[in-house]
Amino acid sequence: MIGSFRVENWKHSFMRHPAEDFYKAIESNTKSIGVVVDGVTCDPFKQLPPMTGMIGPVGNFIFSFAYPRPSRVQEVSDLALSRLIHGLNYKDLENMDSIKDIFEDANESIRIKNCYDGIFPETNDYLKNWYAGCVASAFLHDKIERTMYYNYIADCGVAIFRKLDFFWMTEDQGPRKFEKERQEVLKQFGLKWEMPKCRRLIRRDYINHPSQKYSYGVLNGQPEAMHYVSSGKLDTEPGDILLAYTDGVADTLKSGEALDFLRHSNFSGLQKLCQKNVQHEGALVYEHSTDAEKKFLKKAFENLNREHLNVNCNY
């Protein structure tokens, strides 16, 4: 059984901010695919209003009111989702070691889209005319071989919940990882996020800049983004819950309440909890084997082992 949901804070919805978190789940008898994409918020204008402190609510209203609808970020996020799903769906399970090339294809598609929108290296100002981009995570579960292939970049993640707790979860490689260190740099120059100079410095020196220690990656068409894509594969067990999620629900997933819902496979309860806690928006895809699926997979796995045994005997 595979499922998915997107949650949105009521203020985010009330301000009519375009949805920039996307998700999709596909399942067959032999494999399941989960993909989530999180768009990186763009600038409606160069000088942003203060969005914290006493006048924060006014600043947020101005920001949301001026935000483009549809946004280029929304378009590239949707594009990335379609490219990732297409690539994973047609991936040959028998000749596969990694799914990293699928992210490379999505990144190239975003580069072409940005060029179509007139954003080139020579026209990029790291502000309004900055590369539209997104971050993402994905898993492809080979049910017969019981192997999960995964990819993720920045603060989107993938996890395996087994029995009572998380057996494995990706590390947050997004902006929050070195936020304190970058803030120290900004403090030295007296910079705040709403200042154009601040955002230009962060995007120029810390996004897709592998030589910079405190950098992080974004799929925005720059080839350097692939340096930040982490990929791998893990063995799975019957009853595992596989998850792909955006940062909007990441903290909630680690809470005691979320663990209780996962222990009881209560995904509707988990969705309500994520809806309650989300600050802006978030998306999640999950896969969990039902009893009927477990029996089918057990039989398929036994048949596979029998075929391998016959091959070895004949040899």
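## Basis and loops

Helices, as the word is used here, are DSSP runs of H or I with at least four residues, strands are runs of E with at least two, and both are numbered from the N terminus. The structure is a predicted model. In these terms, Ser265 belongs to the loop between helix 8 (256–263) and helix 9 (267–277), where the residue takes a positive phi of about 50° although it is not a glycine. Ser265 is partly exposed, its relative accessible area being 28%.

Arg16, which is likewise not a glycine, has a positive phi near 60°, and its place is the loop between helix 1 (10–14) and strand 2 (21–27). With a relative accessible area of 57%, Arg16 counts as exposed, because that term applies over 50%. A further backbone feature is the cis peptide bond that leads from Arg69 to Pro70, with omega near -5°; Pro70 itself sits in the loop that connects helix 2 (56–66) and helix 3 (72–89).

## Strand 4 and its partners

Strand 4 is largely enclosed by the rest of the structure, because 9 of its 9 residues are buried. In a regular strand, side chains alternate between the two faces of the sheet. In strand 4, Cys134, Ala136, Ala138, Leu140 and Asp142 point one way, while Val135, Ser137, Phe139 and His141 point the other way, and all of these residues are buried.

Strand 3 runs antiparallel to strand 4 and is joined to it by 9 bridges, with Gly34 standing opposite Phe139 of strand 4. Strand 4 also pairs with strand 5 (residues 147–152), again in the antiparallel sense, over 6 bridges, and here Asp142 is found opposite Thr147 of strand 5. Strands 4 and 5 make a hairpin with 4 residues between them, and in the turn Arg146 has a positive phi of about 55°.

## Nonpolar cores

The largest nonpolar core contains 48 residues, and those with the most contacts inside it are Val35, Val37, Leu84, Leu88, Phe103, Ile153 and Leu219. At least two residues of this core come from each of strand 3 (31–39), helix 3, helix 4 (100–116), strand 4 (134–142) and helix 6, and helix 3 provides the largest share, with 7 residues. A second core, separate from this one, has 21 residues, including Ala159, Phe161, Leu253 and Cys274.

Val35 shows the surroundings of one such core residue: leaving aside residues up to four places away in sequence, Val35 touches Phe22, Tyr23, Lys24, Leu81, Leu84, Ile85, Leu88, Ser137, Ala138 and Val285.

## Helix 6

In helix 6, which spans residues 196–205, the buried residues are Pro196, Cys198, Arg199, Leu201, Ile202 and Arg203, and what covers them includes helix 5 (179–188). An α-helix has 3.6 residues a turn, so residues three or four places apart point the same way.

## Cavities

A search of the whole structure gives 2 cavities of 30 Å³ or more, and the volume of the second largest is about 60 Å³. The lining of the second largest cavity consists of Val40, Cys42, Asp43, Arg72, Val73, Leu127, Lys128, Trp130, Tyr131, Ala132 and Gly133. By class, these lining residues divide into 7 nonpolar, 1 polar and 3 charged; Gly133 counts as polar in this division because Gly is placed among the polar residues.

Notes: Residues are numbered from 1 along each chain as its sequence is written. This is a predicted model: local features need pLDDT of at least 70, side-chain atom pairs count only at pLDDT 80 or more; totals for chains, interfaces and linings use all residues. Side-chain values use heavy atoms; hydrogens and water are left out. Buried means under 20% relative accessible area, exposed over 50%, partly exposed in between (1.4 Å probe, protein chains only). Contact means heavy atoms within 4.5 Å. On a 1 Å grid over the protein atoms alone, a cavity is a set of points where a 1.4 Å probe fits but cannot get out, and a pocket is an open set with protein on both sides within 12 Å along at least five of seven lines; lining residues have an atom within 4 Å of a point. Grid points are joined across faces, edges and corners, and a volume is the space filled by probe spheres set on the points. A nonpolar core is a set of buried Ala, Val, Leu, Ile, Met, Phe, Trp, Tyr and Cys residues joined through side-chain atoms within 4.5 Å. Two strands pair if DSSP finds at least two bridges between them.
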